[in-house]
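Trainee: Could you take me slowly through one part of this model, starting from a single residue and working outwards to what surrounds it?

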Amino acid sequence: MKQIPKQPAQLFAGHAYTVESSDQLGTFQPAWQDFEAQLGFKTLDDLAEIPNRSAMVVFSPYDTFLYWIGSLLPADAVVPKPYEAFRLPEATAGQVRQPATSVLLKQLPLATSFNKGLQIIEKAGYPLPERLGQTDHPYYLESYLIQDGAVHQVAYRLYIDPHQLKGVDEYE
């Protein structure tokens, strides 16, 4: 098993959406369009160390989740209204960066982009929790990093506690 590095505390600024914000194909493209029309990224770009377009999935133990759209910011950033903020703790997480392709996460069904991200993280040697919603840090992030006005890298991050790899089966 690969050593799981500690990620620093960070702030996720943006807006949270529920599964009802997805379309019939399971994409969150309507939510992305809403976010860009209502809030946009300009203010967040000015606060970020590396401008990014990020999606964060926060899982619950009850097979539900929140889908956040926004940007990763330094932990001490002051998030202006009307953006919402979610504090990500300092914790162990597997993260892999790759060159960007032409397909952005908002164009794919969440199940497809999430599974692709998990495959990339696992292939890099990180273990995957059996039931992410039962961990203390049930967070998955996919960030498109911007350089010179264009997406140049994709960062996949999964919070992994090596002591919480096994889930509890309520039907045992």
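**A close look at valine 57 and its sheet**

Mentor: Leaving aside residues up to four places away in sequence, valine 57 touches Phe65, Leu66, Tyr67, Leu110, Pro138, Tyr139 and Tyr140. Please keep in mind that this is a predicted model, and that the values I quote are computed from it. Valine 57 belongs to strand β3, which covers residues 52-59, and its relative accessible area is 1%; because buried means a relative accessible area under 20%, valine 57 counts as buried. Sequence and space can also be set side by side here, since valine 57 and phenylalanine 114 are 57 residues apart in the chain, while their C-alpha atoms are 8.9 Å apart.

From this residue we can step out to the sheet. Strands of a sheet pair through backbone hydrogen bonds, and they may do so in a parallel or an antiparallel way. In this model there is an open sheet of 8 strands with antiparallel pairing, and its order is β1-β6-β8-β7-β3-β4-β2-β5, so that strand β3 stands between β7 and β4 in that order. The edges of the sheet are formed by β1 (6-7) and β5 (84-88), each of which pairs on one side only. For β5, the antiparallel partner is β2, and 5 bridges join the two strands; in one of the pairings, glutamine 10 has leucine 88 of β5 as its bridge partner.

Glutamine 10 leads us on to a pocket, the second largest, where it is among the residues nearest the centre, together with Ile50, Leu72, Arg97 and Arg157. Rolling a probe the size of a water molecule over the atoms shows where empty space is left. The volume of this second largest pocket is about 270 Å³, and 16 residues line it. The elements that each give two or more residues to this lining are β4 (65-74), β6 (91-99), β7 (139-147) and β8 (150-159). By type, the lining residues divide into 8 nonpolar, 5 polar and 3 charged.

Finally, it helps to look at a residue in a loop. Threonine 27 lies in the loop between β2 (10-17) and α1 (29-38), and threonine 27 is also buried, with a relative accessible area of 4%. The side chain of threonine 27 is joined to the side chain of aspartate 23 by a polar contact of 2.6 Å, and a polar atom of the threonine 27 side chain lies 3.4 Å from the backbone nitrogen of glutamine 29.

Note on methods. Residues are numbered from 1 along each chain as its sequence is written. This is a predicted model: local features need pLDDT of at least 70, side-chain atom pairs count only at pLDDT 80 or more; totals for chains, interfaces and linings use all residues. Side-chain values use heavy atoms; hydrogens and water are left out. On a 1 Å grid over the protein atoms alone, a cavity is a set of points where a 1.4 Å probe fits but cannot get out, and a pocket is an open set with protein on both sides within 12 Å along at least five of seven lines; lining residues have an atom within 4 Å of a point. Grid points are joined across faces, edges and corners, and a volume is the space filled by probe spheres set on the points. Helices (H or I, at least four residues) and strands (E, at least two) are DSSP runs, numbered from the N terminus. Ala, Val, Leu, Ile, Met, Phe, Trp, Tyr, Cys and Pro count as nonpolar, Asp, Glu, Lys and Arg as charged, and the others, Gly among them, as polar. Buried means under 20% relative accessible area, exposed over 50%, partly exposed in between (1.4 Å probe, protein chains only). Contact means heavy atoms within 4.5 Å. A polar contact is a pair of N or O atoms within 3.5 Å; within protein, one must be able to donate a hydrogen and the other to accept it, and residues adjacent in sequence count only if both atoms are side-chain atoms. Two strands pair if DSSP finds at least two bridges between them.
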